[in-house]
Amino acid sequence: MSTENKAPASLNDFASGKLQALEAKNQRRTLVNTSRTQDMALSVNGGPRLISFTDNDYLGLSTHPDVVAAAQEASARYGAGTGASRLVTGNCPLYAELEATIARIKGTEDAVVFGSGYMANVGIIPTLIGPKDLIIADELVHTCIHAGITLSRATCHFFRHNDVEYVKELLRGHRHDYERVLIVVDGIYSMDGDLAPLLELGRLAKVFDAWLMNDDAHALGTVGGGRGSAHALGAEGYVPLQMGTLSKGAGSYGGYLAASKPVIDLMKTRARSFIYTTGLPPAALGASIKALDLIENDKALTERPLKLAKQFAAALGLPEPQSPIVPLVIGAETAALDASAQLAEKGYKVIAFRPPTVPEGTSRLRFSFSASHKDEDVEGLIMACKALGYGA
Ligand SMILES: *Cc1c(COP(=O)(O)O)cnc(C)c1O
């Protein structure tokens, strides 16, 4: 047996010890092979067909025939990869069309596409904000915003979820101590499905000369006529930095920032996660262009996920959702895992989210609804949940 690649004992001991500790808290994670087909059907490890209520594919565009065809055409024409970073030779011509479309949907002067939503946030935040500046962030913002904040080395205050009064106090007390101030929120919160109070925060930001940024990962294609959270809340003009992803509602891959021309030009010149990484595969760009075309022009498509979420919540006596994400908080990790397993037996894939993704003691089933769910899928899910004793 070859020993050349043997890891040092200390390294393996570290990794195993860490895993055991997580296992003891029911927090160890494992991957399963998942084959997805159309209409939100999937199979796990070659098992029976399940209907997924757990994807972020809110419009079913990841498997839409026109979107898949656009991906194939783009690869046939431009190849499987872009060969270099965008500033070198990786700037495939499809980027220009994609970025113009994003800017039009978001109502901004310009937009820039990054490798992913995660890469967008770790690039955008440190490009705008530095060690002498202040970031005010909702306590529930996505983990990649935390990563961007850390890289910026700015002072950061987290505020109680959606607490506008608290943001006002922070600005009153601290604005004058800093040069630049960024207020950052998720447009839609991925574990609770609620929206950020963008209009109220936007007004405050104007008064105190702070910059408001929303992460619209879950909002593109799902609220505001498909245009996102700022449009859903009548806060157009209040959010100068609209970030998001092409990997959820748009069904493909990539991240973006929609903003003014100077801000976008600065990103292309300074954002490290834009400069020092390879351009996206042309297939992802072609798919996104087609997906955004559908999002812009098919109102029935973008209205359906929220409509289904409301129907489900009403049937189970849950509060009316603002987005296609409906949480059912169960509490203990094992109880949430149990509920998830029981729904799988009935033919529905619903993931149990556990700490550290959600706060301790709030393990939950998180249902997400897609335009490609059939009416009978939602009816069947409601019956299955009722049979488990929820919403009785
Ligand atoms: C999924 C998500 C991201 C990351 O986007 P990717 O394109 O998947 O990297 C960022 N922010 C939020 C709020 C998300 O839900």
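A polar contact here is a pair of N or O atoms within 3.5 Å. Keep that cut-off in mind for the ligand stop, and remember that you are looking at a predicted model.

**Stop one: the ligand**

Select the ligand and start with S247, where a polar side-chain atom sits 2.9 Å from one of the ligand's oxygen atoms. Now jump to D215: an N or O atom of the D215 side chain is 2.6 Å from a ligand nitrogen. For G117, show the backbone, since a polar backbone atom of G117 is 2.8 Å from an oxygen atom of the ligand. How much of the ligand's accessible area does the protein cover? Of the 380 Å² that the ligand has on its own, 88% is covered.

Next, bring up the surrounding shell: S116, G117, Y118, H142, C144, D186, D215, A217, H218, T245, S247 and K248. Colour these residues by class and you get six polar, three charged and three nonpolar ones.

**Stop two: a pair of helices**

Leave the ligand and select residues 282-297, which form helix 11, together with residues 299-316, which form helix 12. Their axes are 5 Å apart and the packing angle is about 85°, so helix 11 runs roughly perpendicular to helix 12.

Which residues make the contact? On helix 11, show L294, I295, E296 and N297; on helix 12, show K299, L301 and T302. Colour by class once more: this contact has three nonpolar, two polar and two charged residues.

Terms used
Residues are numbered from 1 along each chain as its sequence is written. This is a predicted model: local features need pLDDT of at least 70, side-chain atom pairs count only at pLDDT 80 or more; totals for chains, interfaces and linings use all residues. Side-chain values use heavy atoms; hydrogens and water are left out. A residue is near a molecule or strand if one of its heavy atoms lies within 4 Å of it. A polar contact is a pair of N or O atoms within 3.5 Å; within protein, one must be able to donate a hydrogen and the other to accept it, and residues adjacent in sequence count only if both atoms are side-chain atoms. Accessible areas come from the Shrake-Rupley method with a 1.4 Å probe; for residues, only the protein chains shown count as cover. Ala, Val, Leu, Ile, Met, Phe, Trp, Tyr, Cys and Pro count as nonpolar, Asp, Glu, Lys and Arg as charged, and the others, Gly among them, as polar. Axes are lines fitted to C-alpha atoms, for helices over the stretch in contact, and angles run from 0 to 180 degrees between N-to-C directions. Helices (H or I, at least four residues) and strands (E, at least two) are DSSP runs, numbered from the N terminus. Angles under 35 degrees count as roughly parallel, over 145 as roughly antiparallel, 65 to 115 as roughly perpendicular and the rest as oblique. Contact means heavy atoms within 4.5 Å.
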